Amino acid sequence: MISLRPKKGHLLIAEPSTIGDLSFNRSVILLADHNDEGSVGFILNKPLGYTIHDLIPEIKGSFKIYNGGPVEQDNLYFIHNVPELIPGSIEISNGIYWGGDFESTKELINKGLIKKNNIRFFLGYSGWEAHQLEDELEENSWIVTENSYENKIIGKSSTSFWKEKIMELGGEYLIWSNAPENPTLN
C-alpha cells in the first residue's frame with residue numbers, strides 16, 4: 001500500500017510481517033533525505049543500551065542512543081530542533097534538523113542548554129540507493145505517512161511507537177497492533 005510518495009520529513013512505517021527482519025522489523029523511520037540519488041533515514045523507536053556519556057565520556061548527559069539503521073553503525077548521527085544553537089545544521093522539514101557542529105553540541109549539552117526533547121542520537125543510519133526505496137514501497141515493505149508531530153517527534157522515544165502508528169492506520173492493521181513481535185513465542 002503506497003499511501004504517499006516519500007519525501008524528506010515523512011515517516012516510513014514498516015509493514016507488519018512475520019518474517020522478522022532484524023534491522024527494520026516494527027521500525028518507524030524519519031526520512032532525513034530523499035532524492036533521485038537515494039534516501040537516508042533514522043529509526044526512531046529502537047533504543048540501544050547506551051547513553052551519549054557511555055560513548056563520549058566528556059559529555060555529561062544521559063541521552064539515549066538509538067539504532068539509526070544498519071549502515072555505518074560505528075558512526076554517531078543526530079537530529080535536533082535547535083538550529084539557532086547548533087551551527088551547520090541541515091533542515092529536514094517542519095523544524096527538524098540533521099547534524100551540525102558537534103563540538104558546539106557537546107558544550108551546549110554540558111551547559112544544560114540542550115535537553116532530551118531537543119536532540120536524538122543514533123548509531124548508524126538507514127540508507128537506500130537510487131530507486132531502492134521506491135522498489136521496497138512497490139513490494140509493500142513500507143507505509144509512508146506525514147510526520148504529524150513535526151519537530152516534537154524528537155521527544156517520541158517510546159518503543160511502542162510502531163504499535164501506535166499501526167493503530168492510527170486502523171482497518172486491516174489493527175490486528176497487527178497486538179500481535180507478538182516474535183510469533184514463535186506466541
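User: Why is Thr145 called buried?
Analyst: This is a predicted model. In it, Thr145 has a relative accessible area of 13%. Buried means under 20%, so Thr145 counts as buried.

User: Where does Thr145 lie, and what does Thr145 touch?
Analyst: Thr145 lies in strand S10. Leaving out residues up to four places away in sequence, Thr145 touches Leu4, His10, Leu11, Ile13, Lys165 and Leu169.

User: Why is Lys165 buried or exposed?
Analyst: The relative accessible area of Lys165 is 4%. The cut-off for buried is under 20%, so Lys165 is buried.

User: What makes Glu168 and Lys165 a salt bridge?
Analyst: Their closest N and O atoms are 2.9 Å apart. A salt bridge needs a side-chain nitrogen of Lys or Arg within 4 Å of a carboxyl oxygen of Asp or Glu. Glu168 and Lys165 therefore form a salt bridge. Both lie in helix H4, three residues apart, about one turn of the helix.

User: Why does Glu168 count as buried, partly exposed or exposed?
Analyst: Glu168 has 52% relative accessibility. Exposed means over 50%, so Glu168 counts as exposed.

User: How many salt bridges does the structure hold, and which residues are linked in a network?
Analyst: The structure holds three salt bridges. Glu58, Glu103 and Lys106 are linked in a network.

User: How do you know that Glu58 and Lys106 meet in a salt bridge?
Analyst: The N to O distance is 3.2 Å. The limit is 4 Å, so the pair qualifies. Glu58 sits in the loop between H1 and S5, and Lys106 in helix H2 (residues 102–110). They are 48 residues apart, so this pair links distant parts of the chain.

User: What about Lys106 and Glu103: what separates them?
Analyst: In space, their closest N and O atoms are 3.2 Å apart, in a salt bridge. In sequence, they are three residues apart in helix H2, so about one helical turn separates them.

User: Why do Glu58, Glu103 and Lys106 count as buried or partly exposed?
Analyst: Buried means under 20% and exposed over 50%, with partly exposed in between. Glu58 has 45% relative accessibility, so Glu58 counts as partly exposed. Glu103 has a relative accessible area of 44%, so Glu103 is partly exposed. Lys106 has 12%, so Lys106 counts as buried.

User: What makes the pair of Phe63 and Phe121 edge-to-face?
Analyst: The ring centres are 6.1 Å apart and the planes stand at 75°. Centres must lie within 6.5 Å, and planes over 60 degrees apart count as edge-to-face. So the pair is edge-to-face. Phe63 is in the loop between helix H1 (52–55) and strand S5 (64–67), Phe121 in strand S9, 58 residues apart.

User: Why is the pair of Phe78 and Phe121 called tilted?
Analyst: Here the centres are 5.8 Å apart and the planes are at 45°. Stacked needs under 30 degrees and edge-to-face over 60, so this pair is tilted. Phe78 lies in strand S6 and Phe121 in strand S9, so the pair ties together parts that are 43 residues apart in sequence.

User: How do you know that Phe63 and Phe121 are buried?
Analyst: Phe63 has 8% relative accessibility, so Phe63 counts as buried. Phe121 has 0%, so Phe121 counts as buried too. The cut-off is under 20%.

User: How many aromatic pairs are there, and which residues do ring pairs link into a cluster?
Analyst: The structure holds twelve aromatic pairs. Ring pairs link Phe42, Tyr66, Tyr77, Trp98, Phe122 and Tyr125 into a cluster. In addition, the charged end of Arg120 sits over the ring of Tyr66, 4.0 Å from its centre.

User: Which residues of the largest nonpolar core touch the most other members?
Analyst: Leu12, Leu44, Ile79 and Trp142 do, in a core of 32 residues. Strand S2 (28–35) is one of the elements that give two or more residues. S2 gives the most, with five residues.

User: What is noted about the phi of Asn140, and why is Asn140 called partly exposed?
Analyst: Phi of Asn140 is near 60°, a positive value in a residue other than glycine. Most residues other than glycine have a negative phi. The relative accessible area of Asn140 is 39%, so Asn140 is partly exposed.

Methods:
Residues are numbered from 1 along each chain as its sequence is written. This is a predicted model: local features need pLDDT of at least 70, side-chain atom pairs count only at pLDDT 80 or more; totals for chains, interfaces and linings use all residues. Side-chain values use heavy atoms; hydrogens and water are left out. A nonpolar core is a set of buried Ala, Val, Leu, Ile, Met, Phe, Trp, Tyr and Cys residues joined through side-chain atoms within 4.5 Å. Buried means under 20% relative accessible area, exposed over 50%, partly exposed in between (1.4 Å probe, protein chains only). Helices (H or I, at least four residues) and strands (E, at least two) are DSSP runs, numbered from the N terminus. Rings of Phe, Tyr and Trp (its six-membered ring) pair if their centres lie within 6.5 Å; planes under 30 degrees apart count as stacked, over 60 as edge-to-face and the rest as tilted. A charge sits over a ring if NZ of Lys or CZ of Arg is within 6 Å of the ring centre and within 35 degrees of the ring normal. Contact means heavy atoms within 4.5 Å.
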